[in-house]
Amino acid sequence: MRLADLVAPFGRCRAIDLGCGSGPTLRAVSRVSPDAVLLGIDRSEGALRQVAAALDDHRGPVAAIAADLRDPLPIADRWADVILSYNTLECVPTPETLLAEVARVLRPGGRAVIAHVDFDSLVVAGADSELDRRICHAFADDVQSWMDHADGRIGRKLGLLLARSPLEVVRVEPFLVWSSEFTGHARRRIELIRDVLLSAADHGRGVVGPDEIKEWYGAVVRVAGQHGFFFSELTFIAVAERR
Ligand SMILES: C[S@@+](CC[C@H](N)C(=O)[O-])C[C@H]1O[C@@H](n2cnc3c(N)ncnc32)[C@H](O)[C@@H]1O
């Protein structure tokens with residue numbers, strides 16, 4: 001995983017993952033830094049319960065803390081060598097406040113690696129370009145039930161947000177995942193889009209009706225069977241350091 005490669009030079013470090021979920025990013029860090037001190041922070045107790053299992057073969061210490069990222073981080077000044085976050089910043093209504101906290105918690109010379117899919121740039125080629133666009137935009141804009149806030153365009157804003165933070169931007173990398181096969185990540189993302197939009201419609205937040213969502217999914221599957229499928233997803237990875 002590219003995020004883990006960007007922290008590998010820090011070796012046996014103290015690393016925090018903000019919005020760690022069930023721990024996939026920490027697991028990737030464990031592979032490159034098996035003795036690192038790993039700390040996951042998330043407010044979902046259910047997700048945090050899975051972190052220990054995801055990291056059961058990690059050699060260094062592991063901890064998972066329940067905290068709300070809208071509040072000050074429950075970590076001492078300059079404690080961390082590395083802070084990561086993947087696909088979480090869009091949920092925080094004032095990302096500037098969280099990035100100021102990241103700067104407080106990083107030691108001088110420490111590194112932040114903040115990555116996010118720019119969901120408003122999703123490309124899906126199904127059968128009807130107008131419906132593909134409408135579905136992708138509805139997914140990017142939806143504030144799902146577990147979110148306080150959503151910004152489907154946060155990926156493209158990461159560089160600017162970090163440039164305005166107390167951190168110094170090292171670089172911003174684009175990372176494109178694409179597929180012409182309806183398998184793996186592309187299939188999982190499309191099924192997630194379908195499920196999220198069906199749930200949004202069910203809860204009265206939908207801008208696309210359930211029949212259209214099912215019609216879209218059916219068209220994507222049909223086109224994939226005729227070798228006409230395309231999917232792409234652009235992630236931006238911002239690397240910044242505390243001076
Ligand atoms: C899209 S998931 C990404 C999880 C993980 N980074 C991954 O790549 O699988 C976003 C995570 O952010 C967490 N989250 C959202 N808002 C939060 C908040 N205000 N405080 C703490 N965690 C939050 C959610 O519980 C969820 O686990």
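This short talk goes through a pocket, two helices and two single residues of one protein model. Please keep in mind throughout that the model is predicted.

Let me begin with the largest pocket, which holds about 1300 Å³ of space. Its lining is made up of 43 residues, and those that lie nearest its centre are Gly19, Tyr86, Asn87, Thr88 and Trp146. If we sort the lining residues of this pocket by character, we find 20 nonpolar, eleven polar and twelve charged. Several elements each supply at least two residues of that lining, among them helix 1 (2-7), helix 2 (24-32), helix 3 (45-54), strand 7 (168-179) and strand 8 (230-241). Which element gives the largest share of the lining? That is helix 7, with four residues.

Helix 5, running from 129 to 141, also supplies at least two residues of the lining of the largest pocket, and I would like to look at this helix in its own right. Helix 5 has 13 residues and reaches 18 Å from its first C-alpha to its last, which is close to the 18 Å expected at 1.5 Å a residue. At its N-terminal end, helix 5 is capped by Asp128, where a side-chain oxygen lies 2.9 Å from the backbone nitrogen of Glu130. The buried residues of helix 5 are Leu131, Asp132, Ile135, Cys136, Ala138, Phe139 and Ala140. As you read that list, it may help to remember that an α-helix has 3.6 residues a turn, so residues three or four places apart point the same way. The cover over the buried residues of helix 5 includes strand 6 (123-125), helix 7 and helix 8 (210-225).

Let me turn next to helix 4, whose buried residues are Pro95, Leu98, Leu99, Glu101, Val102, Ala103 and Val105. What covers them includes strand 1 (14-18), strand 4, strand 5 (106-117) and helix 6 (154-163). Ala100 also lies in helix 4, but Ala100 is partly exposed, because its relative accessible area is 35%, which falls between the limits of 20% and 50%. Although Ala100 and Arg164 are 64 residues apart in sequence, they are 9.7 Å apart in space, C-alpha to C-alpha.

Finally, consider Ser85, which is found in strand 4, residues 80-86. Is Ser85 buried or exposed? Ser85 counts as buried, because its relative accessibility is 3%, and the cut-off is under 20%. If we leave aside the neighbours within four places in sequence, Ser85 is in contact with Asp17, Leu18, Val113, Ile114 and Ala115.

Key. Residues are numbered from 1 along each chain as its sequence is written. This is a predicted model: local features need pLDDT of at least 70, side-chain atom pairs count only at pLDDT 80 or more; totals for chains, interfaces and linings use all residues. Side-chain values use heavy atoms; hydrogens and water are left out. On a 1 Å grid over the protein atoms alone, a cavity is a set of points where a 1.4 Å probe fits but cannot get out, and a pocket is an open set with protein on both sides within 12 Å along at least five of seven lines; lining residues have an atom within 4 Å of a point. Grid points are joined across faces, edges and corners, and a volume is the space filled by probe spheres set on the points. Ala, Val, Leu, Ile, Met, Phe, Trp, Tyr, Cys and Pro count as nonpolar, Asp, Glu, Lys and Arg as charged, and the others, Gly among them, as polar. Buried means under 20% relative accessible area, exposed over 50%, partly exposed in between (1.4 Å probe, protein chains only). The expected span of a helix is 1.5 Å times one less than its number of residues. Contact means heavy atoms within 4.5 Å. A polar contact is a pair of N or O atoms within 3.5 Å; within protein, one must be able to donate a hydrogen and the other to accept it, and residues adjacent in sequence count only if both atoms are side-chain atoms.
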